Amino acid sequence: MSTTQMMKGILDGCLLAIIKDKEVYGYELAERLERYGFDALSEGTIYPLLMRMQKEELVTSTRKKSTAGPKRKYYSLTSKGEQELDGFIRRWNDLQNNVNRILEHETSSDEF
Amino acid sequence: MPGKTELSTKSREFLEDLRVYLFSNGKNSDDIQDIVEELEVHLMEAEKEGKSVEKIIGHSPKEYMEQLSNELAADYKSWFKYVMLIILGSFSFSLANDLFEGTLSYSVLELIGHVVLGVIFIFGMLMTFKYIVGNKLSKWKELSIFFVLGIIPIGLFVGLTYINRAVETPMIYFGTAGTILTAVITVVFLIAVSWWAKTWVLPIVLTMLLLPEYLFRLTAMVQETQMILSTVASFGGIGVYMFIDSKMNKAS
């Protein structure tokens, strides 16, 4: 798996988590990602991901009027999306634990 | 579209390019509309906060368009519709011309060649569109590419005419009944397409091209005078139509 592919999988999980928290539209989603520290990302990256997640029925969307300009497309999680998010959280925790264990043991000087 | 004027030229250009790119890749027009609108909202809000276009679409617009394109399924059904429309549309032009010469007859080579050239032209056109919007070209380069794109099919059709004279293939004769039937079908087709596309440009241009020549041929003028006058009338008529049409578009 290349770094970008791994990154995409992680981003997918993050998007699902943000959408689960609250129904959001694209711009809001990008802003929240940035506020959490993903600020090197170009904001448009989320749209191909959202399109795929909608095709896979992880999210649904509705159009709502905004005070100014054209209608916004709001995303919310489906039950399938919630399952996917649970799966992601489990996988992420495992991965994080494994990596942490390795780093703790292999980089500390008192080992071996 | 409301709010469209608020967007910067650069953003608007990107959205237009994206539309052409996705269309050239055979995507469904509703899907295209959907994603273009969504990005329009995003770009508007981003610009309000002073973000650059690059912050949204990255440094390679082409790469980003490709990413979006990959997530949309190809819409073969409407594609087939467009291809048929263009091929039948070009058929109806040569048909209408030939109808004035009497009963119709075509060689097999002519019929097949026409379809093949139509398909080549359509694919060439779509590839050119994709190339132009994917690579930022100077206006001059863009124009020369369109010029070549316009010249090639003319050259190919002229080539087909010559090959058709040199190579014998079976002829198909339509006869009087077949000719009348074909004429009726052509007229119905042109009206249906115009109705569907909500523009009468096809039948009007066709009439302007053919009618003056036909009418002047009925007069007792010298042939050269007939040709010159009918050509002037044709292009004058098309010019007047385009002028009126653009006035009407502006008014609405």
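**Exercise 1. State how far apart the C-alpha centres of domain 1 and domain 2 of chain B lie, and give the bounds of each domain.**

Solution. The C-alpha centres of domain 1 of chain B and domain 2 of chain B are 40 Å apart. The model is a predicted one. For the bounds, turn to the domain assignment of chain B: domain 1 covers 9–71 and domain 2 covers 199–252.

**Exercise 2. Describe the interface of chain B and chain A by its residues and its buried area.**

Solution. Step one is the residues: 24 residues of chain B are in contact with 24 residues of chain A. Step two is the area: about 2100 Å² is buried between the two chains, and carbon and sulfur atoms give 52% of this. Step three is to ask which residues of chain B stand out. B:Glu38, B:His42 and B:Glu71 supply 30% of the area that chain B buries against chain A, more than any other three residues.

**Exercise 3. Find how many salt bridges and polar contacts join chain B and chain A, and show that B:Glu38 and A:Lys73 fit the salt-bridge rule.**

Solution. Side chains of opposite charge can pair when their charged atoms come close. The rule asks for a side-chain nitrogen of Lys or Arg within 4 Å of a carboxyl oxygen of Asp or Glu. For B:Glu38 and A:Lys73 the N to O distance is 4.0 Å, and their side chains meet in a salt bridge. Across the interface of chain B and chain A there are eight salt bridges. Between these chains, 17 residue pairs are in polar contact.

Next, locate the side of chain B that touches chain A. The elements that give two or more residues to that side are α2 (29–48), α3 (53–57) and α4 (61–70) of chain B. Of these, α2(B) gives the largest share, 11 residues. By class, this side of chain B has 11 nonpolar, three polar and 10 charged residues.

**Exercise 4. Work out the strand order of the sheet in chain A and name its edge strands.**

Solution. The sheet is open, with three strands in the order β1-β3-β2 and antiparallel pairing. The edge strands are β1 (24–25) and β2 (59–64) of chain A, each of which pairs on one side only. β1(A) pairs with β3 (residues 72–77) of chain A over two bridges. A:Tyr25 has A:Tyr74 in β3(A) as its bridge partner.

**Exercise 5. Place the two residues of the salt bridge between A:Lys64 and A:Glu23.**

Solution. The side chains of A:Lys64 and A:Glu23 meet at 2.7 Å, N to O. A:Lys64 is in strand β2 of chain A, while A:Glu23 is in the loop between α1 (3–21) and β1 of chain A, 41 residues apart. Over all chains, the rule counts 17 salt bridges.

Technical notes: Residues numbered from 1 in each chain as written. Chains lettered and ligands numbered in written order. Predicted model: local features only at pLDDT ≥ 70, side-chain atom pairs only at ≥ 80, totals over all residues. Heavy atoms only, no water. Contact = heavy atoms within 4.5 Å. Buried area = accessible area lost by both parts, 1.4 Å probe. Polar contact = N/O pair within 3.5 Å; in protein donor to acceptor, adjacent residues only side chain to side chain. Helix = DSSP H or I, 4+ residues; strand = E, 2+ residues; numbered from the N terminus. Nonpolar A, V, L, I, M, F, W, Y, C, P; charged D, E, K, R; others polar. Domains from an automatic or database assignment. Pairing = 2+ DSSP bridges.
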